[in-house]
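Me: I'd like to go through this model with you piece by piece. Could you keep the cut-offs explicit as we go?

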Amino acid sequence: MTTGQRGPFDHRMAVFDSDDGFVAAALPLLGEALGTFGEPPPVAIAAPRNLDLLRDALGTDAKDVTCIPHTDWYTGSAANAVAQAAAYLNAHAGPGGRIHLVMEPVWSGRAGRSARETTEWIRYEALANLLFAPQSTTALCAYDTRTAGPAVIAAARRTHPDTEVYEDPLRLVAELDAVPLPLPPVSARPLAEPDAAAVQRWAVGRGLPAADAELFAAAVAETAAALAPLGGAALLWGEAPACVCELRSARRLDDPLAGFVPPAAGPEPGPGLWYARQVCAYVDIRDDAEGATVRLQYA
């Protein structure tokens with residue numbers, strides 16, 4: 001069972017409501033890195049307009065800061081952002097993951113488009129405290145009140161240790177997972193064996209393009225293998241692109257990081273829930289007394 005113990009990861013939060021506010025929040029963190037001997041170049045991941053503001057404010061020091069448009073970094077699900085961050089740290093961070101990052105989520109895009117998406121990104125912010133706990137990484141998450149609403153910011157404060165309302169990540173994730181999943185529709189198709197070929201044929205029949213159907217089917221098959229022994233037939237429902245498969249495991253998972261931890265080695269996603277989280281927009285897991293329910297939704 002994963003514990004909520006924190007490590008050297010320095011996870012900060014800044015809230016601003018103006019262009020000047022963003023610059024005032026970001027510059028001190030970048031200055032920490034630029035003033036530290038042997039520190040890798042700091043990274044600013046933000047809206048293009050904010051990156052331009054930072055370059056102007058940094059002057060000649062701008063050449064020593066890596067600037068990445070946030071739409072190039074936050075390109076998919078919260079699990080995709082975990083993979084992006086892990087890969088970047090492996091490639092560019094100093095010993096022990098030492099690096100400074102300014103990170104501005106795209107709250108006007110996917111992350112803020114629905115309550116469901118917002119929940120997943122709050123989960124990501126909470127679990128980051130555990131996923132990156134061993135790393136000597138300093139990350140400042142920048143929240144613009146002009147794009148992120150009060151409810152989002154209030155929830156985000158609970159995921160950052162430098163706030164007065166920070167909560168243990170495990171407690172917060174348990175709160176999110178206490179919300180029951182909607183019941184499957186009565187029209188859901190049972191599938192005794194979640195064979196990849198059968199799932200792919202079904203998904204194509206529901207309107208998914210062949211390549212997407214193949215990815216979805218592989219995610220289902222990998223998840224089924226990771227959950228074995230299964231506790232009943234799989235259920236399939238939905239129309240493209242929101243094709244859904246629900247699997248039952250005869251055992252509990254008891255791990256809030258299931259599927260979020262990158263594979264130990266290799267450039268490709270590993271098997272099981274890691275692969276499913278990289279491919280699917282949503283992977284919902286609910287433990288109960290008799291095992292676990294895992295629901296995959298492609299988009």
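Me: Let's start with Q278: which helix is it in?

Reply: Q278 sits in helix α10, residues 273–279; helices here are DSSP runs of H or I with at least four residues, strands are runs of E with at least two, and both are numbered from the N terminus. This is a predicted model, in which local features need pLDDT of at least 70 and side-chain atom pairs count only at pLDDT 80 or more, while totals for chains, interfaces and linings use all residues. Residues are numbered from 1 along each chain as its sequence is written, and side-chain values use heavy atoms, with hydrogens and water left out.

Me: Is Q278 buried or exposed?

Reply: Q278 is buried, because its relative accessible area is 18% and buried means under 20%, with exposed being over 50% and partly exposed in between (1.4 Å probe, protein chains only).

Me: And what does the side chain of Q278 have a polar atom beside?

Reply: A polar atom of the Q278 side chain lies 3.0 Å from the backbone oxygen of A79. For reference, a polar contact is a pair of N or O atoms within 3.5 Å; within protein, one must be able to donate a hydrogen and the other to accept it, and residues adjacent in sequence count only if both atoms are side-chain atoms.

Me: Now the sheets. What is the strand order in the parallel one?

Reply: The order is β1-β5-β4-β2-β3, five strands in an open sheet with parallel pairing, where two strands pair if DSSP finds at least two bridges between them. At its edges are β1 (10–16) and β3 (66–69), each pairing on one side only. Neighbouring strands of this sheet are turned by 15° against each other on average, direction ignored; axes are lines fitted to C-alpha atoms, for helices over the stretch in contact, and angles run from 0 to 180 degrees between N-to-C directions.

Me: How many bridges hold β1 to β5, and what packs there?

Reply: Seven bridges join β1 to strand β5 (residues 137–144) in the parallel sense, and M13 has C141 in β5 as its bridge partner. Helix α6 (residues 150–157) packs on the sheet and touches β1 and β5, its direction making about 155° with that of β1; contact means heavy atoms within 4.5 Å.

Me: What about the antiparallel sheet, what order does it have?

Reply: That open sheet of five strands runs β6-β7-β8-β10-β9, with antiparallel pairing. The edge strands β6 (189–191) and β9 (282–288) each have a single partner strand, so one side of each is left without a neighbour in the sheet. The average turn between neighbouring strands of this sheet is 20°, direction ignored.

Me: Which strands does it take to make the hairpin?

Reply: β9 and β10 form the hairpin, with two residues between them. Seven bridges join this antiparallel pair, and D288 is partnered by G291 in β10. Five of the seven residues of β9 are buried, so the strand is largely enclosed by the rest of the structure.

Me: And where does L236 fit in?

Reply: L236 stands opposite C245 in β8; β7 (residues 234–237) and β8 (residues 244–249) pair in the antiparallel sense over three bridges.

Me: Switching to aromatics: how many pairs are there?

Reply: A search of the whole structure finds six aromatic pairs. In one of them, the ring centres of F216 and Y298 are 6.1 Å apart with their planes at 75°, so the pair is edge-to-face. The rings considered are those of Phe, Tyr and Trp (its six-membered ring), which pair if their centres lie within 6.5 Å; planes under 30 degrees apart count as stacked, over 60 as edge-to-face and the rest as tilted.

Me: Where do F216 and Y298 sit along the chain?

Reply: They link distant parts of it, being 82 residues apart: F216 is in helix α9 (residues 210–227) and Y298 in the segment after β10 (291–297). F216 counts as buried at 0% relative accessibility, and Y298 counts as buried at 12%.

Me: Which residues make up the aromatic cluster?

Reply: Y74, W121 and Y124 form one cluster.

Me: Last one: what does L131 touch beyond its sequence neighbours?

Reply: Leaving aside neighbours within four places in sequence, L131 is in contact with V82, L257, F260 and V261. L131 belongs to helix α5 (residues 115–131) and is buried, with a relative accessible area of 17%.
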